Amino acid sequence: MLTSTYTLVALSVEHTAVRSALQSLMRALHAIPDEDGLLPPGQAAGLCAELRQVVSDCHWRKLDKFLVPALRRVTGAADGLLRDLEQISRTAGEALAAAEACVDAGSRGVDRDAFDEAVERCIGALRCRLEREEHELFPLARSLVHGEAWFAIANQMLAHDAVARERRGAGRQQRAAPPAPRHAFHELHGHGPAIDAGTDFGRRHGMLSLLH
């Protein structure tokens with residue numbers, strides 16, 4: 001029970017980060033000045049790039065990497081909800097493409113109404129997905145996923161975080177250090193022994209013994 005709580009709280013932290021990013025994007029959208037209903041192409045393109053990054057971040061969340069596959073393995077009871085969530089993500093992607101098309105078509109100025117509608121539709125779809133995940137997917141996961149499956153999910157998430165921290169540390173060392181010898185360069189860039197985030201699958205991470 002504690003492991004499931006830890007896992008869902010960790011996933012909720014990702015939700016909070018996405019919500020914050022979406023709120024910032026909405027403020028930035030409304031702050032773009034216009035002239036006769038046209039937005040500066042550079043500012044509209046910059047906002048699209050930020051929105052695309054948020055859409056990408058949503059796609060690569062731990063929820064999609066670890067919890068959703070576990071739900072697919074456990075039962076077919078979640079299939080309908082998962083299809084709905086995938087459709088919401090497609091809607092967000094289509095709205096993003098529409099916003100980018102507005103920028104591409106507006107070399108002298110981007111149509112404000114069309115651009116705002118597309119961006120707001122994308123943000124609205126992402127917010128809708130977050131709401132349905134929190135109010136429908138998380139409770140469903142609590143009822144369908146049991147025992148060691150939660151340990152496996154939490155284990156993968158902890159391993160994923162450890163790899164991410166190691167890569168960030170390697171990146172900082174690379175920026176701060178002088179050029180490395182050729183053999184060290186290969187290891188630093190992932191051509192040496194790889195770290196597999198799934199190698200600990202099924203074995204309890206040290207932190208998990210505290211949650212049991």
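Among contacts in the protein between residues at least 6 apart in sequence, 83% join residues at least 24 apart, where contact means heavy atoms within 4.5 Å. The model is predicted, so that local features need pLDDT of at least 70 and side-chain atom pairs count only at pLDDT 80 or more, while totals for chains, interfaces and linings use all residues. Residues are numbered from 1 along each chain as its sequence is written, and side-chain values use heavy atoms, with hydrogens and water left out.

The protein contains 8 helices and 2 strands; these are DSSP runs numbered from the N terminus, helices being H or I runs of at least four residues and strands E runs of at least two. Along the sequence their order is α-β-α-α-α-β-α-α-α-α. Of the 212 residues, 36% count as buried, a term that means under 20% relative accessible area, with exposed meaning over 50% and partly exposed in between (1.4 Å probe, protein chains only).

Helix H1 spans residues 2-31 and includes Glu14. Thr7 also has its place in helix H1. Thr7 is buried, its relative accessible area being 0%, and it touches Trp150, Ile153, Ala154 and Met157, residues up to four places away in sequence not being counted. Glu14 is buried as well, with a relative accessible area of 18%. Leaving aside residues up to four places away in sequence, Glu14 touches Arg61, Lys62 and Leu63. Glu14 and Leu63 are separated by 49 residues in sequence, and their C-alpha atoms lie 8.7 Å apart in space.

Arg61 belongs to the loop between helix H2 (41-59) and H3. With a relative accessibility of 3%, Arg61 is counted as buried. Its contacts, again without residues up to four places away in sequence, are Glu14, His15, Val18, Arg129, Leu130 and Glu133.

Beyond H1, the chain enters a loop that leads to strand E1 (38-39), and Asp36 lies in this loop. Most residues other than glycine have a negative phi. Asp36, by contrast, has a phi near 55 degrees, a positive value in a residue other than glycine. Asp36 is exposed, with a relative accessible area of 74%.

The packing of helices can now be considered. Two packed helices are described by the angle between their axes and the distance between the axes. Here axes are lines fitted to C-alpha atoms, for helices over the stretch in contact, and angles run from 0 to 180 degrees between N-to-C directions. H2 packs with helix H4 (residues 79-105) at an angle of about 160 degrees, and the axes are 9 Å apart. The two helices are therefore roughly antiparallel to each other; by definition, angles over 145 degrees count as roughly antiparallel, those under 35 as roughly parallel, 65 to 115 as roughly perpendicular and the rest as oblique. H2 passes H4 in a left-handed crossing, meaning that the near helix is turned anticlockwise from the far one by less than a right angle, whereas a clockwise turn would make it right-handed. On the H2 side the contact is made by Pro41, Ala44, Ala45, Cys48, Leu51, Arg52 and Val55, and on the H4 side by Leu96, Ala99, Glu100 and Val103. By class, this contact has 9 nonpolar, no polar and 2 charged residues; Ala, Val, Leu, Ile, Met, Phe, Trp, Tyr, Cys and Pro count as nonpolar, Asp, Glu, Lys and Arg as charged, and the others, Gly among them, as polar.

A second pair is formed by helix H3 (residues 62-74) and helix H5 (residues 112-144), whose axes come within 11 Å and cross at roughly 45 degrees. That angle makes H3 oblique to H5. The crossing of H3 past H5 is left-handed. In H3, Leu63, Asp64, Leu67, Leu71 and Val74 meet Arg129, Glu133, Leu137, Phe138, Ala141 and Leu144 in H5. This contact has 8 nonpolar, no polar and 3 charged residues.

The cysteines complete the account. A disulfide is a covalent bond between the sulfur atoms of two cysteines, here taken as a pair of cysteine sulfur atoms within 2.5 Å. The structure holds 0 disulfides. For Cys48, the closest cysteine sulfur is that of Cys102, at 7.9 Å, which is too far for a bond. Cys48 is buried, with a relative accessible area of 3%. For Cys122, the closest cysteine sulfur is in Cys58, at 8.6 Å, again too far for a bond. Cys122 counts as buried at 0% relative accessibility.
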